[in-house]
Amino acid sequence: MSEKSFDILIIGGGIIGTATALSLQNNSNLRILLIEAEKELAHHQTGNNSGVIHSGLYYKPGSLKAKNCSEGRELLYQFCYENEIPFKKCGKIVVSTNESELKPLDELYKRGVANGLTGIKKLTAEEIKNYEPHSSGIAGLFVPQTGIVDYTKVTNKFAQLFSDVGGLIQTNCKFLSLNNSSAELVVLTSNEEFKTKLIVNCGGLFSDRIAKLCGVDPGLQIVPFRGEYYKLKKEKEYLVNNLIYPVPDPRFPFLGVHFTRMMKGGVEAGPNAVLAFKREGYSKKDFSMGDVSQMIFYPGFWKMASKYYAMGFEEFYRSYNKKAFVRALQKLVPEIHEDDIEPGGAGVRAQALEPSGKLVDDFRIIEAAKMVHVLNAPSPAATASLSIGKTIAEIAKKKFEKEI
């Protein structure tokens, strides 16, 4: 085998791509290459998320999300402990601020119990203060399994361990096209050509386009949503001990604005969820005619828009109106004022959308000849990365053994 020929080539150097690569390399003698378009790993979704290790509270019992989150959460805590990656298993509270949220809060409790969350506890208005003295609500939940970590550090450790056992990584190496007319797949990148027997697409924000370039109909399209954060000023960080969440609206795959103490320091407030006009659109000014054109000519986009336009307008209003953003935060911590927060970072979520207008809410992995495409890996993908990476690796390995 030449130095540019591989058994498996993985596209995408986020937490899912690196976890998959590590799992594959640990359990085989295969020659594996991981390519990443950016100059560093974890540049997009992985490196711009809130750093929360999710408990699995929200997910339908029996779903891939619930299974992978429960398994992956414990694997991640153990991995961080063994590899000396700083983390904090701090727990979080979910706060109900009005009567209409009491029934959904009770449903969350039942889901948590069904998903094996031991120690989950219902809170009265007074008991909320025991965990978050500056938070206010009429009822709540305490979920002890939730934690925080820096996922960029986790990803880089996955990559280091992958390299230590013989895996190869190339950054600044963008996938451009595929020629599958020969026995081996020929992958053209921005650097050079590689040959491989199997491709695993973990391209995140571009996973659907990569699938199409490989001649595969993804059956969905990625629509980018930007999550914008504020952060508490240093002198106001005392208002939040750990993590404070609202009761989420079950109609949407977003959790609502919340407070998160960060592993690298500070407290984030947010995010909202606004449609981004570029797949890498981290600021309000970012715009791509190609990305926007692809969205507006996709039938599923307009079906989604007609269903959720009211929520969309509300999110855009809050994006441009700090007072509205603060009002949402005050439901959880009434003492917060406009002067207490300042602009923070932003992340872009790769939301998969079906032609019917349905938001894809679970993991979506499809197979084709000599290919595995991970088309949707929503939250809690980072939490569940070791579990999901193992699942993808098993699919890829079986496919390799069967087809090659």
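This briefing describes selected residues and peptide bonds of the structure above. The model is a predicted one. Two buried residues, valine 149 and asparagine 201, are treated at the outset. Unusual backbone geometry follows, at prolines and at residues with a positive phi.

**Valine 149**

- Strand E8, which spans residues 147–149, contains valine 149.
- The relative accessible area of valine 149 is 2%, under the 20% limit, and the residue therefore counts as buried.
- Beyond its neighbours within four places in sequence, valine 149 is in contact with Gly51, Ile53, Cys80, Ile85, Pro86, Phe87, Val154 and Met263.
- Between valine 149 and cysteine 214 there are 35 Å in space, C-alpha to C-alpha, and the two are 65 residues apart in sequence.

**Asparagine 201**

- Asparagine 201 belongs to strand E12, residues 193–201.
- With a relative accessibility of 0%, asparagine 201 is classed as buried.
- The side chain of asparagine 201 comes to 2.9 Å from the backbone oxygen of serine 207.
- A polar contact at 3.0 Å links the side chain of asparagine 201 to the side chain of histidine 373.
- Both of these partners, Ser207 and His373, also appear among the residues that asparagine 201 touches when residues up to four places away in sequence are not counted. The others in that list are Ile11, Ile210, Ala211, Val372, Val374 and Leu375.

**Cis peptide bonds**

- Most peptide bonds are trans.
- The bond from glycine 270 to proline 271, however, is cis, and its omega is near 0°.
- Proline 271 is situated in the loop that runs between strand E16 (267–270) and strand E17 (274–275).
- Serine 379 and proline 380 are likewise joined by a cis peptide bond, with omega about 20°.
- The loop between strand E20 (371–376) and helix H10 (385–403) holds proline 380.

**Positive phi values**

- Most residues other than glycine have a negative phi.
- Asparagine 172 has a positive phi, near 50°.
- This asparagine 172 is placed in the loop between strand E9 (168–170) and strand E10 (175–179), and its relative accessible area of 44% makes it partly exposed.
- Lysine 370 also has a positive phi, near 65°.
- The loop between strand E19 (364–368) and E20 is where lysine 370 is found.
- Lysine 370 has a relative accessible area of 22%; because this value lies between the limits of 20% and 50%, the residue is partly exposed.

Definitions and conventions. Residues are numbered from 1 along each chain as its sequence is written. This is a predicted model: local features need pLDDT of at least 70, side-chain atom pairs count only at pLDDT 80 or more; totals for chains, interfaces and linings use all residues. Side-chain values use heavy atoms; hydrogens and water are left out. Helices (H or I, at least four residues) and strands (E, at least two) are DSSP runs, numbered from the N terminus. Buried means under 20% relative accessible area, exposed over 50%, partly exposed in between (1.4 Å probe, protein chains only). Contact means heavy atoms within 4.5 Å. A polar contact is a pair of N or O atoms within 3.5 Å; within protein, one must be able to donate a hydrogen and the other to accept it, and residues adjacent in sequence count only if both atoms are side-chain atoms.
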